[in-house]
Amino acid sequence: MTHTFFKYQGTGNDFVFIDNRKELFNKNNTKLIAHLCNRRFGIGADGLILLENDEDADFKMVYFNADGNESTMCGNGGRCIVAFANKLNIFKDKTTFNAIDGLHEATIDNGFVKLKMKDVDDVEVFKDYVFLNTGSPHHVTLVENIKEYNVKNEGAKIRYGAPYNKVGTNVNFVKQIDSETFSVRTYERGVEDETLSCGTGVTAVALAMHTLEKTNTEVVTLNVEGGTLKVSFEKTEKGYKDIWLQGPATLVFKGEIEW
C-alpha cells in the first residue's frame, strides 16, 4: 500500500511527518518506524512524527526516535509540526497542540516558528555539568575545543554512564562565544549519535548558562551545526517560565512510499 509522507527540517534536525488524523498508522510497529528513518534503506530522518486529532487543541504530536520507540518531547520536531499543520490548513498563524509533555502554544510567520516550551522549575548544578528537563532530559557541560570535540564518543559515555545508565540522557557540549551567544553540539538519545540541532537541547543550554551566570540576558542565541536558534525566557523564584524556542522550519520534500 502506498502512503504519503512529508520531510521537514529545523536547523538540520530532520523528521518524517505523516498525517495520521484517520489513525491508519500502526504506532506499535517499531521496525517500520526505524526503517522509515533509516538513511540508507528508508526515507532518512532523526525521527518520525505523527499529526493526530486532539480533543483539547488544534492537533496532537506523537514523536518517535529514529530507533522506532516513542520518546519524550522534541523541540525542533515541535516547531516542524507547526509548519506541517499550517501547510495542512489546520490553523493560520497561531495554534495550540498537545504533545507528550502537555499543551504547547506556537506561532508561524513566513516559515519562522516560535514554540512555547514547558516551564522548568528544577535546574541541578553539579561540579562539571548541569542537568535539567526541558521536555526531555539534558546533560549540559562546557568544553573549549567544541569544533574538534568527539561528540559521538564522549556523548555516548555520558549517555550510558552513571547516573543515567540504561534510561539515558541527551548530552550537550557548549562553548561560550560572547555574553549572549553559545555554540552547541548535541548527542541525542534514541538517535545514538550527534544531530545537527536539538531544540530541547538548546533550550536546556540557554537556561543552564543563565543559571551559571554565564549570561545575564533572557534572550540567548544558540549556534548549532545546522544553523541558529534563539531561546527567550523569564526567570522566576523557582526556575524559568514563558520559555520560547525560535527558529526556521522548512519543508524539504513530499513523497510516497510503500509498506
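Q: In β16, which residue is the bridge partner of V113?
A: This is a predicted model, so take what follows as read from that prediction. Strand β7 (residues 112–116) pairs with strand β16 (residues 240–248) in the antiparallel sense, over five bridges. Within that pairing, the residue in β16 that partners V113 is G247.

Q: Which side chains along strand β7 point to one face and are buried?
A: In a regular strand the side chains alternate between the two faces of the sheet. Strand β7 does alternate: F112, K114 and K116 point to one face and are not buried. Pointing to the other face, and buried, are V113 and L115.

Q: Which residue in the turn between β6 and β7 has a positive phi?
A: Strand β6 (residues 102–109) and β7 pair in the antiparallel sense over four bridges, with D109 standing opposite F112. The two strands form a hairpin with two residues between them. The one in that turn with a positive phi, about 55 degrees, is N110.

Q: T11 and E23 each have a positive phi; which is buried and which is exposed?
A: Most residues other than glycine have a negative phi, and most peptide bonds are trans. T11 has phi near 45 degrees and lies in the loop between β1 and β2 (13–19), while E23 has phi near 55 degrees and is found in the loop between β2 and α1 (30–37). With a relative accessible area of 4%, T11 is buried. At 62% relative accessibility, E23 counts as exposed.

Q: What is omega for the peptide bond from A162 to P163?
A: P163 is found in the loop between α3 (151–160) and β11 (170–178). The bond leading into P163 from A162 is cis, with omega near 5 degrees.

Q: Why is the pair of F5 and F253 edge-to-face?
A: A search of the whole structure turns up 13 aromatic pairs. For F5 and F253 the ring centres are 5.9 Å apart and the planes stand at 85 degrees, so the pair is edge-to-face. Planes over 60 degrees apart fall in that class, and the angle here is 85 degrees.

Q: How many residues apart are F5 and F253, and what is the relative accessibility of F253?
A: F5 sits in strand β1 (residues 2–10) and F253 in strand β17 (residues 250–258), which makes this a link between distant parts of the chain, 248 residues apart. F5 is buried at 6% relative accessibility. F253 counts as partly exposed, at 35%.

Q: What is the angle between the planes of Y8 and F17?
A: Y8 is buried, with a relative accessible area of 2%, and F17 is buried too, at 0%. Ring pairs link both into a cluster with F6, F15, Y63 and F84. Y8 and F17 form an edge-to-face pair, 5.4 Å centre to centre, and the angle between their planes is 80 degrees.

Q: The charged end of which residue sits over the ring of Y160?
A: There are two charge-over-ring contacts to look at here. K235 lies over the face of Y240, at 5.1 Å from the ring centre. Over the ring of Y160, 4.1 Å from its centre, sits the charged end of R159.

Q: Why does the salt bridge of K27 and E52 tie together separate parts of the sequence, and how many residues apart are they?
A: Side chains of opposite charge can pair when their charged atoms come close. K27 and E52 meet at 3.1 Å, N to O; K27 is partly exposed at 34% relative accessibility, and E52 is buried at 5%. K27 lies in the loop between β2 and α1 and E52 in strand β3 (residues 47–52), so the pair ties together parts that are 25 residues apart in sequence.

Q: Which side chain meets R185 in a salt bridge?
A: The count of salt bridges comes to 13. R185 counts as buried, at 11% relative accessibility, while its partner is partly exposed, with a relative accessible area of 23%. The N to O distance is 2.8 Å, and the partner is E194.

Q: Which residues make a nonpolar surface patch of about 220 Å²?
A: One member, L142, has its place in strand β10 (residues 137–142). L142 counts as partly exposed, at 37% relative accessibility. The patch is made by V125, L142 and L212.

Notes
Residues are numbered from 1 along each chain as its sequence is written. This is a predicted model: local features need pLDDT of at least 70, side-chain atom pairs count only at pLDDT 80 or more; totals for chains, interfaces and linings use all residues. Side-chain values use heavy atoms; hydrogens and water are left out. Rings of Phe, Tyr and Trp (its six-membered ring) pair if their centres lie within 6.5 Å; planes under 30 degrees apart count as stacked, over 60 as edge-to-face and the rest as tilted. Buried means under 20% relative accessible area, exposed over 50%, partly exposed in between (1.4 Å probe, protein chains only). A charge sits over a ring if NZ of Lys or CZ of Arg is within 6 Å of the ring centre and within 35 degrees of the ring normal. Patches are made of residues with over 30% relative accessible area and no salt bridge: like charges are joined within 9 Å, nonpolar side chains (Val, Leu, Ile, Met, Phe, Trp, Tyr) within 5 Å. Accessible areas come from the Shrake-Rupley method with a 1.4 Å probe; for residues, only the protein chains shown count as cover. A salt bridge is a side-chain nitrogen of Lys or Arg within 4 Å of a carboxyl oxygen of Asp or Glu. Two strands pair if DSSP finds at least two bridges between them.
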